[in-house]
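User: I should like to learn how to read the features of a multi-chain model, beginning with its interfaces. Please give the general idea before each case.

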Amino acid sequence: MTTLDIAVPVPTRRPADRETYLNIAWTVKSWALTTDHKRIGILYLVTTIFTLSLGGVFALVLRTEHLSPGPTIIDAYTYNRMFTMHGIVMVWLFMIPSIPTAFGNFLLPIMIGAKDVAFPRLNLLSYYIYLVGSLWVVIALWAGGCDTGWTFYSPYSDHSPSAVVPTVFGIFILGWSTIITGVNFIVTTHTMRAKGVGWFRMPLFVWTMYGVSIIQTLATPVLAISLLIVGVDHWFDWGLFDPARGGDPVLYQHLFWFYSHPAVYIMILPAMGVIIEVVCTFSHKNPASYKAIAYSTLGIAFVGFATWGHHMFVAGISTFDAASFGVLSMLVAIFSAIKVFTWVLTMRRGSVVVTTPMLYFFAFLFLFVFGGMTGVAVATQSLDVHWHDTYFIVAHFHFIMIGGTLTAWLAALHYWFPKITGRMYPERLGYVGATLVFSGFFMTFFPQFLLGNAGMPRRYYDYDPKFQPLMVISTVGSWILGAAMIWTLAYLLVALFKGARAPANPWDSRSYEWLTPSPPPKHNFFREPVFTRDPYDYTVPAEEIRA
Amino acid sequence: MNSLLLKLLDLPPQASTYAFDVDLLHYFVISTTMLGATFVFVLALWFLVRNRRRYPGELTARVVTPVPVEFLIIGGILSVFLIFWVVGASEYSHMQHPPEDAMPVYVTAKQWMWKFAYADGRSDIDVLTVPVHRPVKLVMNSRDVIHSFYVPAFRMKQDVVPGRYYTAWFEAQETGEFPIECAEYCGVSHSRMLAKVHVLSEPDYAKWLENPPTGDLAARGRDVAAKRGCLSCHTLDGQPHIGPSWAGLYDSDVKLSDGTIVKADVAYLTRSMMDPQAQIVDSYKPVMPTYRGVIDEPEVAALVELIVSLKDQPIAPSVVLPRTQPLGSAQPQEPR
Amino acid sequence: MPSPAAHPVSVGEQWEDMEKQAHAARFGMWVFLGTEVLFFSGLFALYTAYRIEHPSGFDVGVEHNTIVYGSVNTAVLLVSSYFVALAVHELRLGRNRVSGWLVALTILFGLGFLGIKTAEYLHHFSDGIFPGGSGHFFEEHTEPGIKMFYTLYFCMTGLHAIHVFVGCCVLGFMLWKISRREIGAWAPHPLAIAAIYWHLVDVIWIFLWPLFYLVPGRAG
């Protein structure tokens with residue numbers, strides 16, 4: 001095992017080193033003004049790790065507060081602002097950009113054999129917009145934070161005493177970053193595929209990036225305008241959503257969920273893309289059905305726009321509307337079910353090897369399938385009446401968002417770590433990390449299903465003492481999860497400098513990004529690539545495949 | 001079996017008539033989905049054990065799942081999901097439509113308390129007193145922000161929205177006290193916005209009723225109707241005017257301009273006040289303005305009680321009015 | 001054919017040729033227009049919902065608005081769109097000078113639009129109409145929904161005016177590029193893309209015009 005050496009040596013450029021996107025320049029300017037999609041991906045990765053830590057600290061404080069009913073460490077107003085900021089930071093600063101902007105930026109052009117994205121300068125602009133938006137939200141925190149819940153339901157958001165206006169404005173800025181990235185990815189996928197990369201020869205991760213980009217470009221502007229109106233309502237008291245001035249608060253909920261339900265797929269689709277890449281590589285097997293995954297991605301992207309009403313079953317929508325949204329929600333669940341079956345069947349007649357990313361795959365599979373099944377349960381209307389706005393819902397979406405997206409993000413971090421950094425991570429420490437993440441997560445959120453069943457509403461500062469045992473188990477679980485995250489980031493940081501040099505294709509994969517050296521050169525491939533075999537062709541040895 | 005599952009899933013007691021049905025579906029959905037999820041995960045583990053890599057660089061044959069198999073899997077799952085949907089949607093519809101003979105209680109939510117007003121003029125704060133085995137219909141509105149009326153033991157929840165009147169109903173099956181919680185985040189003391197339902201047996205309820213009421217809501221309704229200008233378009237004696245008469249209106253079947261027939265229940269009446277253009281009565285013009293934000297909660301309760309009290313009002317001989325009423329004559333009028 | 005200047009629009013290093021790059025840029029703009037349409041759609045949804053809810057207030061609002069302002073502005077924008085389309089055509093033919101003048105004319109009409117809009121806003125203010133339902137106008141006109149009508153009027157036309165202003169800036173940038181011979185017959189697509197954006201701004205106004213000036217919400 002490597003010992004921690006405090007004086008971390010800066011990698012020096014030895015003459016024998018071949019040129020990579022990392023070592024061509026080390027100046028601050030070469031990072032701050034880079035238009036290289038790989039470097040921009042790294043900028044995003046580092047920034048999102050910071051935002052994840054911020055949101056994670058909020059989560060730990062919130063859970064610790066629940067060790068006992070009544071006040072434990074913070075007061076009610078602080079609690080309310082903190083759960084709001086936890087939601088905002090996790091959703092808009094971490095979850096939505098995490099996989100698409102970091103791994104999508106890094107990998108999408110490589111996977112289709114392009115030299116860069118279609119609009120590299122816009123890509124950099126998008127990063128800075130993201131940075132400014134994130135800082136703006138942090139400034140809003142400074143100004144006292146926002147206590148409306150991440151949903152900003154009117155009319156509470158019109159009259160909340162907290163810093164609503166800076167918060168929504170920060171999110172408005174972040175929205176444009178998302179949109180620009182989405183446009184960039186759509187155009188890149190359409191126009192820049194190298195010779196041999198037909199639509200149905202793209203790695204499936206590219207398909208999910210494409211689906212995500214469609215949602216990002218079409219849903220985000222609706223959120224942008226809705227939040228703008230919330231800000232204006234709060235600031236100038238124009239009352240567009242305020243019933244006291246003739247507005248309609250339920251209309252706001254429709255507009256908000258028209259974005260925010262598809263946003264759930266912005267968060268989970270990239271995770272699904274990572275998972276299929278991981279399972280194919282480590283099973284040495286083509287996906288059980290390429291087209292099923294590609295089409296179900298598009299299905300989720302489009303049908304996902306027509307299911308928002310299932311967030312409003314008790315908000316006073318008509319029985320007919322509720323039934324329509326109910327059946328559409330069942331339909332969109334089918335697309336996820338197709339994906340789940342394809343992942344599992346991919347391992348059939350494969351050659352499976354267990355690595356850290358593969359452990360995360362199993363964690364993902366378990367949590368996503370169980371969490372997804374509870375999603376079908378809450379889409380069942382009469383059951384949702386009881387569960388709506390309780391801890392059951394909290395547990396359900398954390399199973400998808402943390403159990404799904406975060407484990408997939410960790411899988412991606414390990415799986416592509418050699419490609420991105422040119423170093424290997426320590427496998428055994430990885431096993432420990434993955435096991436800790438899974439157990440901490442399960443311990444945190446499983447009790448919350450039972451709390452929800454028992455009728456514990458969410459966003460409650462205080463609670464009935466009879467819930468305390470389950471609350472304490474959940475809190476202790478969150479500490480384990482927090483420790484697991486620190487553990488993981490720590491050994492990856494050490495491996496960044498001390499890890500063994502990675503070969504071009506350490507996983508013996510056939511996907512296109514492994515055909516170029518690790519880390520890749522500035523233009524991804526040394527010469528214009530022509531891909532002669534599909535990215536999941538495990539019928540021939542890796543040596544016979546060239547770009 | 002039922003009590004075992006209740007304990008296992010940590011569910012509260014089933015204190016309303018529909019709670020058991022909801023829980024039955026709950027058991028079915030949870031067991032089916034959890035079995036399905038377990039099957040998927042065990043299958044994955046089995047593939048892992050059976051197909052583990054024997055030597056580095058092992059190659060595999062290209063296997064593509066046949067399309068019929070895919071459709072079989074999709075069809076199978078979809079049909080199970082559709083069963084959930086059909087049962088869930090019909091139960092939901094049952095929970096959304098109060099029975100006709102339900103006893104109304106007017107609920108006003110505000111930060112951070114619940115106020116209950118009864119038809120005979122009584123009112124109470126944070127305690128809802130109802131008789132057992134009698135359907136109760138809640139007509140709900142909020143003074144400030146959105147709240148949500150949640151009784152876990154009844155498996156019922158309904159958002160309470162300012163400017164709108166929503167109805168919800170339940171029929172208690174057990175006597176006792178059951179907690180009411182606010183389930184929509186409403187500000188700093190959201191978690192303290194608690195109340196309770198007090199379900200009394202028939203004799204106890206009769207005893208509770210012996211306390212004298214404080215006023216007659218329907219009588220107050222006449223004052224409100226005059227003050228707010230309702231009577232310039234609606235009559236109380238059955239004559240059609242610019243708008244339909246209120247006599248005999250409650251609980252009758254109303255034909256709408258699009259041909260559908262609706263029951264003139266409390267939900268219909270409150271919606272017609274707040275959102276008058278939504279359901280236009282056949283052969284009337286859509287000229288009524290919305291009263292959202294114009295009249296307050298007690299006034300709505302009083303108007304509804306007035307209309308209910310006119311249910312069996314003898315209808316006066318009809319006078320045929322010219323069909324063309326001038327536009328703009330329907331603004332809320334000043335008190336006369 | 002005029003020769004390219006010292007710093008012409010160059011082919012990015014990620015592209016094989018100018019044609020592919022131009023295609024991608026055009027395609028990107030169309031995708032972005034989808035975003036813009038949905039950005040406005042939130043406000044259109046609000047307008048629809050509130051108009052159905054309060055037809056009488058919207059009736060009064062539409063009738064109170066001066067039809068001349070709206071219609072003249074429609075004409076101004078339509079003509080400017082024609083000019084910018086011509087400018088693209090001329091640039092493709094290599095007649096940079098003509099194209100430049102046409103772009104300048106487009107910007108002039110765009111600014112004219114903003115001028116008329118400002119005059120109209122001032123007119124509203126002097127009538128006592130302010131966003132959010134403040135002002136003495138609303139003491140005289142108490143129809144339910146009239147405040148909402150004017151709040152939406154200011155929001156939607158204001159947001160549109162911001163788009164017109166941004167469009168003018170983009171076209172100004174194009175004029176600068178034409179004058180420096182950075183774009184021309186060899187690379188006309190930047191102007192073409194700016195023109196697509198300008199047309200979108202035009203089209204949105206075409207929808208705002210009837211909603212706020214032409215069609216009263218007369219019920220029945």
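Analyst: Two residues are in contact if their C-beta atoms, placed from the backbone, lie within 7 Å. This is a predicted model, in which local features need pLDDT of at least 70 and side-chain atom pairs count only at pLDDT 80 or more, while totals for chains, interfaces and linings use all residues. Residues are numbered from 1 along each chain as its sequence is written, and chains are lettered from A and ligands numbered from 1 in the order in which they are written.

User: How many residues do chain C and chain B each bring to their contact?

Analyst: Chain C contributes nine residues and chain B eight. Helices (H or I, at least four residues) and strands (E, at least two) are DSSP runs, numbered from the N terminus. On the side of chain C that touches chain B, helix H1 (18-53) and helix H2 (55-64) of chain C are the elements that give two or more residues. For classes, Ala, Val, Leu, Ile, Met, Phe, Trp, Tyr, Cys and Pro count as nonpolar, Asp, Glu, Lys and Arg as charged, and the others, Gly among them, as polar. By class, this side of chain C holds four nonpolar, three polar and two charged residues.

User: Which elements of chain B supply at least two residues to the side that touches chain A?

Analyst: The contact itself involves 75 residues of chain B and 73 residues of chain A. On the side of chain B, at least two residues each come from helix H2 (19-50), helix H3 (67-96), strand E6 (147-151) and strand E7 (156-160) of chain B. H3(B) gives the most, with 16 residues. The class count for this side of chain B is 42 nonpolar, 18 polar and 15 charged residues.

User: Is B:Ile83 of that helix buried or exposed?

Analyst: A residue is buried if 20 or more other C-beta atoms lie within 10 Å of its own, exposed if 12 or fewer, and partly exposed in between. B:Ile83 is found in helix H3 of chain B, and it counts as partly exposed because it has 16 C-beta neighbours inside 10 Å. The C-alpha atoms of B:Ile83 and B:Val29 are separated by 9.5 Å, although these residues are 54 apart along the chain. Over chain B, 39% of the 336 residues count as buried.

User: In what order do the five strands of the open sheet of chain B lie?

Analyst: Two strands pair if DSSP finds at least two bridges between them. The order is E4-E10-E9-E6-E7 (chain B), with mixed pairing. Strand E4 (127-131) and E7 of chain B are the edge strands, each pairing on one side only. E6(B) and E7(B) run antiparallel and are joined by five bridges; B:Tyr150 stands opposite B:Lys157 in E7(B).

User: Why is strand E5 of chain B described as largely enclosed?

Analyst: Seven of the eight residues of strand E5 (residues 135-142) of chain B are buried, so the rest of the structure largely encloses this strand. Strand E1 (residues 103-110) of chain B runs parallel to E5(B), with seven bridges between them; B:Ala109 has B:Ser142 as its bridge partner in E5(B). Strand E8 (residues 166-171) of chain B pairs with E5(B) in the antiparallel sense over six bridges, and B:Val139 stands opposite B:Thr167 in E8(B).

User: Which elements of chain B have the lowest and the highest mean pLDDT?

Analyst: pLDDT is the predictor's confidence in each residue, from 0 to 100. Among the elements of chain B, helix H5 (residues 217-227) has the lowest mean pLDDT (79) and E6(B) the highest (96). Chain B averages 85, and 92% of its residues score at least 70. Over residues 317-336 of chain B the pLDDT is below 50.
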